Amino acid sequence: MPNLALRGIPAGLHRELKEAAARNHRSLNGEIIARLTASVDSAPLDVEALLDRIARRHETLGAIDLSPDNVRRLRDEGRR
């Protein structure tokens with residue numbers, strides 16, 4: 001596998017990449033490869049299709065009860 005060296009990376013960008021790598025449970029090298037791969041392989045986003053998928057998914061979920069009593073009940077159930 002070929003190697004690539006990057007020089008002159010701004011300190012802020014380096015820090016942000018390291019933080020993103022930690023959030024994504026990757027090494028810094030893995031984060032950079034994932035981002036480069038996504039930028040090369042990415043297809044244009046079809047916003048209308050995405051919104052349609054979200055709307056269809058939302059319809060299958062039904063109503064969500066976010067009343068304070070229900071939120072407390074769900075929170076307490078999750079602590080068991």
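**Entry 1: a salt bridge in H2**

I began with Glu31, which forms a salt bridge with Arg35, the closest N and O atoms being 2.8 Å apart. The model I am reading is a predicted one, and I keep that in mind for each distance noted here. Both Glu31 and Arg35 lie in helix H2, where they are 4 residues apart, about one turn of the helix. I then looked up how far each partner is covered: Glu31 counts as buried, at 1% relative accessibility, whereas Arg35 is partly exposed, with a relative accessible area of 44%. For the reasoning I needed the cut-offs, since buried means under 20% relative accessible area and exposed means over 50%, with partly exposed in between.

**Entry 2: salt bridges in H4**

How many salt bridges does the structure hold? I found 6 of them listed for the structure, and I went on to those in helix H4.

Asp69 forms a salt bridge with Arg72, and their closest N and O atoms are 2.9 Å apart. Asp69 and Arg72 both lie in helix H4, 3 residues apart, which is about one turn of the helix. Asp69 is exposed, with a relative accessible area of 58%, while Arg72 is partly exposed, with a relative accessible area of 40%.

Glu77 forms a salt bridge with Arg73, with the closest N and O atoms 2.7 Å apart. Glu77 and Arg73 are separated by about one helical turn, because they are 4 residues apart in helix H4. I noted the general geometry beside this: an α-helix has 3.6 residues a turn, so residues three or four places apart point the same way. Both ends of this bridge are partly exposed, Glu77 with a relative accessible area of 37% and Arg73 with a relative accessible area of 41%. Going back to the pair from my opening entry, I saw that salt bridges that share partners join Arg26, Glu31 and Arg35 into one network.

**Entry 3: Asn70 and its contacts**

I stayed with H4, which covers residues 68–78 and contains Asn70. Is Asn70 buried or exposed? Asn70 is buried, because its relative accessible area is 11% and buried means under 20%. I looked up two polar partners for its side chain. The backbone oxygen of Asp65 lies 2.7 Å from a polar atom of the Asn70 side chain, and the side chain of Asn70 also makes a polar contact with the side chain of Arg73, at 2.5 Å. Arg73 therefore appears twice in my notes, as I already have it in a salt bridge with Glu77 and being 4 residues from Glu77 in H4.

**Entry 4: helix H3 and its ends**

Helix H3 runs over residues 47–61, has 15 residues and reaches 21 Å from its first C-alpha to its last, close to the 21 Å expected at 1.5 Å a residue. At the N-terminal end of H3 I found a cap, in which a side-chain oxygen of Asp46 lies 3.3 Å from the backbone nitrogen of Glu48. Just after H3, Gly62 takes a positive phi of about 75 degrees.

**Entry 5: a nonpolar patch, and Val40**

Which residues form a nonpolar patch on the surface? I listed Leu45, Val47, Leu50, Leu51 and Ile54, which together have about 460 Å² of accessible area. Leu45 is found in the loop between helix H2 (28–41) and H3, and Leu45 is exposed, with a relative accessible area of 63%.

Val40, placed in helix H2, counts as exposed at 66% relative accessibility. I also checked Val40 against Leu17, from which it is 23 residues away in sequence and 18 Å away in space, C-alpha to C-alpha.

**Entry 6: the chain as a whole**

I left the overall figures for the end. The protein chain has 4 helices and 0 strands, and read along the sequence it follows the pattern α-α-α-α. The radius of gyration of the protein chain is 21 Å, well over the 12 Å that the globule rule gives for 80 residues, so the chain is more spread out than a compact globule. Along its principal axes the C-alpha trace spans about 55 × 35 × 25 Å. Of the 80 residues of the protein chain, 6% count as buried, and I have already noted Glu31 and Asn70 as buried. The accessible surface of the protein chain comes to about 7,400 Å², of which 57% belongs to carbon and sulfur atoms.

Technical notes. Residues are numbered from 1 along each chain as its sequence is written. This is a predicted model: local features need pLDDT of at least 70, side-chain atom pairs count only at pLDDT 80 or more; totals for chains, interfaces and linings use all residues. Side-chain values use heavy atoms; hydrogens and water are left out. Helices (H or I, at least four residues) and strands (E, at least two) are DSSP runs, numbered from the N terminus. The expected span of a helix is 1.5 Å times one less than its number of residues. A polar contact is a pair of N or O atoms within 3.5 Å; within protein, one must be able to donate a hydrogen and the other to accept it, and residues adjacent in sequence count only if both atoms are side-chain atoms. Patches are made of residues with over 30% relative accessible area and no salt bridge: like charges are joined within 9 Å, nonpolar side chains (Val, Leu, Ile, Met, Phe, Trp, Tyr) within 5 Å. Accessible areas come from the Shrake-Rupley method with a 1.4 Å probe; for residues, only the protein chains shown count as cover. A salt bridge is a side-chain nitrogen of Lys or Arg within 4 Å of a carboxyl oxygen of Asp or Glu. Buried means under 20% relative accessible area, exposed over 50%, partly exposed in between (1.4 Å probe, protein chains only). The radius of gyration is taken over C-alpha atoms; the globule rule is 2.2 Å times the number of residues to the power 0.38.
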